[in-house]
Amino acid sequence: LPAVPRPKPIDISHHLSPLARRFKQSKLHSLYKYGAIPGMANLAGGMPHPSFFPFDTLSATALTPNHFTTTLHTTFLQLLVSIKKPSHFTIPKFPPPNSSDPSTDIYLARALQYGPCEGLPVLLEFIKDFAVNYQHQGKIPYDSPSVIMTSGNTDGFNKALEVLADPYRGDKILMEKFAYKGAVNTAACRGIDVVPVDVDKEGMVVEGDDGLQGILESWDVRRDGPRPHLLYTVTMGQNPTAGVLSVKRRRQIYALCQKYDIIILEDDPYWFLQYDRFTEVPDNDTFLSTLVPSYITIDTDGRVLRFDTFSKTMAPGCRLGWIIGHPTIVDRILRLSELTTQMPSGATQALVAKLLVHTWSMSGWITWLSLLRHQYESRMNTLCISLEAGKTVTMIHLKNIRLKEIVDQDGNVIDSGKYSLVHKAVKELYEFERPMGGMFVWVRVYFEIHRLYDGMNGREIMKALWEYLTGEELRCLVCPGQAFGATDEIEEREAWKYFRLCFAAVEETELKRASVAFGNGVKEFFELQE
Ligand code: PMP
């Protein structure tokens, strides 16, 4: 069947910041494509000749896509393909002399040279194919979303704010009330006020006064200034609350964003880390189609700008990621990149491209993500099992009561009559939701049960508990919740009542020790013994 043409995205140019409207295309960068024509003597660019680069080759040994064994049921076929050969590769300085497809060659003379700010073409093409046809399953509803490589999501979000937000026009941004501080600070330091929205175990909440609908409906432009036109959200493995937003909730939020003309900035470093979805090792198609889909798959308008990163799928130090979304916004981000970062590091792009395009290929990359997901799920289970086991303490209160002695006919005491009254009480020390995705567990500590709690000093108790956990004996470092308040008010009012525990960063055995230490530490701190 012929493909049904998709509609063009709507005009969103009124969302652009004054800065983004002033960008002009760099004359020099527009010449790059001519420089790539074989045989063209490039006297235009201020480029050093590659023979002056000190690097001749770049070699690496990488894991195979099926490196991680899994405890999930594995079929015989999967066992057969799970023979693990490490992947070695070398990136040469120049392309092979008789290359059949020079456009896909990866070599240092190109990768380490100034190049297109969208990204190294061979990597950009791979990522476009991955994002459009695999990650989002061919479901992006509008025609030709654009993709640009970034230096990770921090870079991507920062650039998005540059081109979409303007404090002088009173721009504000909606965010989950507990949010990733990097994003909060990126907005706040520009004078873009954050408007906190309620969050539950799934993610951003629609209903209620503090839900998105309530906030938008009760917004009074004369009282509150312009209604926010940006919504920042982490929808898979929300940082710190670990929810995964259902499609139903996505549709409700998307409809509200259409009604109030809001651009959605979907920051998704943990997209592939969704839990409790697989009982056996899925094949690649099942893996991709079982994950909850992104906002971009319901984005008929082109109002979703999506940020992906290699930080959690390869390594944070790669500083590499991408943005996919409305061509107008991506084009403005490209112009901004020309003036700031140019392209992400050529060495990293070459290394990642060589691994993905020439070594693993698309199916290997998806298998890698799928098995990596399973590794994280197993760590999440380790932490949650210990946290669950340590979350209550059973208090036994003994009380002596004297009853009449029981004496036999010879006068011997059969029963002294001293009885102990046993009273059992189960106390909860903290509570948490099992993560639906991501890398974190968000723990609400019941500081209220501490005998020194006087109704006012909860913060001090939490601070002292944090210090106790970090001490010599327990060596368990957790992140205080106030690091995740989307505003000062949320920080003051409630974020400090929580700790965020990350199950990703330490070895499995150390994770076990630390998670038991956490439960024991809280118990000791509250001076509660079973
Ligand atoms: N967004 C969120 C929600 C994160 O949790 C993180 C990393 N902790 C980032 C962005 C940073 O991503 P990157 O390394 O790609 O800049």
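**Reading the domains, helices and sheet of a predicted model**

Mentor: The protein is divided into domain 1, made of 14–34 + 117–363, and domain 2, made of 377–405 + 427–525, and we should keep in mind throughout that this is a predicted model.

Trainee: What separates the centres of domain 1 and domain 2, and how many residues does each domain give to the contact?

Mentor: The two centres, taken over C-alpha atoms, are 32 Å apart, and the contact takes 23 residues from domain 1 and 19 residues from domain 2. On the side of domain 1 that touches domain 2, the elements giving two or more residues are β4, α8 and β5, and by class this side has 13 nonpolar, six polar and four charged residues.

Trainee: Which residues of helix α8 are buried, and what makes us say that they line one face?

Mentor: In α8, which covers residues 181–188, the buried residues are A183, V184, T186 and A187. Seen down the axis of α8, these buried residues fall within an arc of 165 degrees, so they line one face of the helix. An α-helix has 3.6 residues a turn, so residues three or four places apart point the same way.

Trainee: Against which elements do the buried residues of α8 pack?

Mentor: They pack against helix α7 (153–164) and against the strands β4 (172–176), β5 (193–197), β6 (230–233) and β7 (263–267).

Trainee: Why is G346 called partly exposed rather than buried or exposed?

Mentor: A residue is buried if 20 or more other C-beta atoms lie within 10 Å of its own, and exposed if 12 or fewer do; with 18 C-beta neighbours inside 10 Å, G346 falls in between and therefore counts as partly exposed. G346 is placed in helix α14 (residues 346–389), and, not counting residues up to four places away in sequence, G346 touches A111, L112, G115 and L120. The C-alpha atoms of G346 and I173, which are 173 residues apart along the chain, are separated by 33 Å.

Trainee: Why is strand β15 described as largely enclosed?

Mentor: Five of the six residues of β15 (residues 440–445) are buried, so the strand is largely enclosed by the rest of the structure.

Trainee: How do you know that β15 pairs with β14 and with β17?

Mentor: Two strands pair if there are at least two bridges between them; β14 (residues 430–432) and β15 run antiparallel and are joined by three bridges, while β15 and β17 (residues 498–502) pair in the antiparallel sense over five bridges, so both pairings satisfy the criterion. Between β14 and β15, Y430 has V445 as its bridge partner, and F432 stands opposite V443; towards β17, F440 stands opposite C502.

Trainee: Why do β14 and β16 count as the edges of this sheet?

Mentor: The four strands form an open, antiparallel sheet in the order β14-β15-β17-β16. Each of β14 and β16 (479–480) has a single partner strand, so one side of each is left without a neighbour in the sheet.

Trainee: Which residues come nearest to the ligand, and what is the make-up of the shell?

Mentor: Of the 13 residues around the ligand, G152, N153, T154, T309 and S311 come nearest, and the shell divides into four nonpolar, eight polar and one charged.

Trainee: What can be said of the protein as a whole?

Mentor: The protein has 17 helices and 17 strands, and 39% of its 530 residues count as buried.

Technical notes. Residues numbered from 1 in each chain as written. Predicted model: local features only at pLDDT ≥ 70, side-chain atom pairs only at ≥ 80, totals over all residues. Near = placed C-beta within 6 Å. Nonpolar A, V, L, I, M, F, W, Y, C, P; charged D, E, K, R; others polar. Arc of directions from axis to C-beta. Contact = placed C-beta atoms within 7 Å. Domains from an automatic or database assignment.
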